[in-house]
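Dear colleague,

I am passing on a structure that I would like you to look over before we discuss it. The coordinates come first, and my notes follow.

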Amino acid sequence: MASTSSALTISSSSTLFDGKAPRQSPPASPQCLSLPLPHLHSQNRSWKTTAYNGKIARNVMAMATGEAPAEASSTEVPEIVKTLQETWDKVDDKYAVSSLVLAGVVALWGSVGLISAIDRLPLIPGILEIVGIGYTGWFVYKNIVFKPDREALVQQVKDTYNEILGSN
C-alpha cells in the first residue's frame, strides 16, 4: 500500500490582512518551514465528521428557531427502565440483592467456562449428546406417548406451578 504525503508550509510574514484591503499572496521568503505530513485516510473518517457536523447544524438551526435541540428532546426513559427503577426502590436489602446478582453472574461465567472445557475434550461431548437423546426418548415414552400418562404429567406440572406461586 503506497503512502503519499503532503507538505504544510508556514511562512513567517509580518503582513496583517485587513478585511477591506485586497489580499495579496505573501512573497516567497527564505524563512519558510515545510513539514511533511502523512496522508491520512480521510475517506474512512469522513462519514463521522459529516454526521457530527450535521448534528451541530441541526442543533444550531433548532436554537435559532427557538426549538429544543434534538438530544434534549429525546431524553424519554423506556418503560422497562422505569419499572426496574421502581422495583429497585422497593427493595429493602439492596446489599443482599446485589450480592445475589453478583454471585449469579460469577456462577454463569463459571458454568460457561466448565461447559466449554468439557466441549473441548475428545469423546465427552458425543457421549453426553447420546445420553441426552436417550433420556429424551425415555421421557417421551414414559410421559407423553399414552393419554393417561400425559394427563398425569399435566396435572403434576399444574400442582407444582400452584405450589410455587401459592395459589389454589
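What share of the contacts in the chain with a separation of 6 or more comes from residues 24 or more positions apart? The answer is 35%, and please keep in mind while reading this and everything below that the model is predicted.

To begin with the chain as a whole, there are six helices and two strands, and from the N terminus on the order of these elements is β-β-α-α-α-α-α-α. The chain has 168 residues, of which 2% count as buried. Its exposed area comes to about 15300 Å², with carbon and sulfur atoms supplying 64% of that figure.

The part I examined in detail is the pair formed by helix H5, which covers residues 124–143, and helix H6, which covers residues 147–165. Their axes lie 7 Å apart and the packing angle is about 100 degrees, which makes H5 roughly perpendicular to H6, since angles of 65 to 115 degrees are put in that class. On the H5 side the contact is made by Phe139, Lys142 and Asn143, while H6 contributes Asp149, Arg150 and Leu153. Sorted by class, the residues in this contact are two nonpolar, one polar and three charged.

Two of these residues deserve a separate description. Phe139, which has its place in helix H5, is partly exposed at a relative accessible area of 30%; once its neighbours within four places in sequence are set aside, Phe139 is in contact with Ile144 and Leu153. Arg150, found in helix H6, is likewise partly exposed, with a relative accessible area of 36%. With its neighbours within four places left out in the same manner, Arg150 is in contact with Asn143, Ile144 and Val145. As a further distance for orientation, Arg150 and Val140 are ten residues apart in sequence, and their C-alpha atoms are 9.5 Å apart in space.

I then turned to the aromatic rings, where a search of the whole structure finds two pairs. Tyr135 and Trp138 form a tilted pair, with 5.6 Å from centre to centre and 35 degrees between the planes. Because these two residues are three residues apart in helix H5, Tyr135 and Trp138 are separated by about one helical turn. Tyr135 counts as exposed, at 52% relative accessibility, whereas Trp138 has a relative accessible area of 45% and is partly exposed, the boundary for exposed being over 50%.

In the pair of Tyr141 and Phe146, the ring centres are 6.0 Å apart and the planes stand at 75 degrees, so this pair is edge-to-face; the class applies because the angle is over 60 degrees. Phe146 counts as partly exposed, at 43% relative accessibility.

If you have time for one region, I would suggest opening the view on the contact of H5 with H6, where Phe139 and Arg150 are among the residues involved, and then going on to the tilted pair of Tyr135 and Trp138.

With best regards

Definitions and conventions:
Residues numbered from 1 in each chain as written. Predicted model: local features only at pLDDT ≥ 70, side-chain atom pairs only at ≥ 80, totals over all residues. Heavy atoms only, no water. Axes fitted to C-alpha atoms, helices over the stretch in contact; angles between N-to-C directions. Helix = DSSP H or I, 4+ residues; strand = E, 2+ residues; numbered from the N terminus. Parallel < 35°, antiparallel > 145°, perpendicular 65-115°, else oblique. Contact = heavy atoms within 4.5 Å. Nonpolar A, V, L, I, M, F, W, Y, C, P; charged D, E, K, R; others polar. Buried < 20%, exposed > 50% of the residue type's maximum accessible area, 1.4 Å probe, protein only. Areas by Shrake-Rupley, 256 points an atom, 1.4 Å probe, with all protein chains shown as cover. Phe/Tyr/Trp six-rings, centres within 6.5 Å; stacked < 30°, edge-to-face > 60°.
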